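Dear colleague,

I am passing the structure below on to you, and my notes on it follow. Please read them alongside the coordinates.

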Amino acid sequence: MVIEQTLVMIKPDGVKRRLIGEIISRFEKKGLKIKALKMHWFTREEAEEFYSVHRGKPFFESLIGFITSGPVVAMVLEGDNAINVVRLMIGPTDGREAPPGTIRGDYALSKSENVVHASDSPENAKKEISILFKDNEIYEW
Ligand code: CMP
C-alpha cells in the first residue's frame with residue numbers, strides 16, 4: 001500500500017458545462033479522500049508556472065489561453081496509489097481516444113478541451129499542489 005496525494009483540476013470547459021458534481025462524485029465513489037478543494041481562476045503567471053513542462057511546445061499558448069479563460073475547480077485527492085488510479089479514471093489526453101467509462105472518454109471530444117487534469121508523477125503532484133494550495137488548506141481527516 002502506497003498512500004499518495006495527487007492534484008486534480010476540473011478545467012474551464014468542465015466548469016462551464018456544469019460537470020463539477022459529476023466528476024467529484026466519481027472520485028468520491030472510488031474511495032479517494034478529498035483533502036482540499038477550491039475554485040480558482042488562474043492568472044497568466046500561475047498558469048505558465050503550472051504548465052511549465054510544456055513551455056516551448058506548439059500548443060503552449062493556446063493551453064495558457066484556455067486554462068485562464070474561466071475558473072477551474074482544483075482538489076487534492078489522497079489514497080492508495082492515487083496518482084495512477086486517478087490517471088486511469090480520467091483516461092488518455094485526447095478525449096476522442098479515451099475509452100468510454102473514463103471521464104475524458106465520457107465527456108470530452110478534444111485533446112485541448114479535455115475537462116480534467118491530473119498529476120502524472122509524485123514530483124509533479126508536489127509541485128502542482130503547492131501552486132494551488134497552502135499547507136493549511138490541506139486538511140487531515
Ligand atoms: P493536461 O493533462 O492538462 O496536460 C497538458 C495539456 O495540454 C493536456 O492536458 C491538453 O489539454 C493540452 N494539450 C493541447 N494540445 C496538446 C497536444 N497537442 N499534445 C498534448 N497536450 C495538448
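Two strands are taken to pair if DSSP finds at least two bridges between them. On that footing β1 and β4 pair, running antiparallel and joined by three bridges, and β1 also pairs with β3 in the antiparallel sense, there over eight bridges. Please keep in mind that this is a predicted model.

Val8 is a useful point of reference for both pairings, since it stands opposite Met75 in β3 and opposite Ala118 in β4. As for the surroundings of β1 (3-10), six of its eight residues are buried, so the strand is largely enclosed by the rest of the structure.

Turning to α5 (82-90), its buried residues are Ala82, Ile83, Val85, Val86, Met89 and Ile90. Seen down the helix axis, these buried residues fall within an arc of 165°, so they line one face of α5. The elements that cover them include β1, α2 (20-30), β3 (72-80), α6 (103-107), β4 and α7. After α5 comes Gly91, which has a positive phi, near 85°.

The largest pocket holds about 540 Å³ of space. Its lining consists of 23 residues, and those nearest the centre are Lys11, Tyr51, His54, Thr93 and His117. Two or more lining residues come from each of α4 (60-67), α5, β4 (116-118) and α7 (122-132). By class, the lining is made up of eight nonpolar, seven polar and eight charged residues.

With best regards

Technical notes: Residues are numbered from 1 along each chain as its sequence is written. This is a predicted model: local features need pLDDT of at least 70, side-chain atom pairs count only at pLDDT 80 or more; totals for chains, interfaces and linings use all residues. Side-chain values use heavy atoms; hydrogens and water are left out. On a 1 Å grid over the protein atoms alone, a cavity is a set of points where a 1.4 Å probe fits but cannot get out, and a pocket is an open set with protein on both sides within 12 Å along at least five of seven lines; lining residues have an atom within 4 Å of a point. Grid points are joined across faces, edges and corners, and a volume is the space filled by probe spheres set on the points. Helices (H or I, at least four residues) and strands (E, at least two) are DSSP runs, numbered from the N terminus. Ala, Val, Leu, Ile, Met, Phe, Trp, Tyr, Cys and Pro count as nonpolar, Asp, Glu, Lys and Arg as charged, and the others, Gly among them, as polar. Buried means under 20% relative accessible area, exposed over 50%, partly exposed in between (1.4 Å probe, protein chains only). The arc is that of the directions from the helix axis to the C-beta atoms. Contact means heavy atoms within 4.5 Å.
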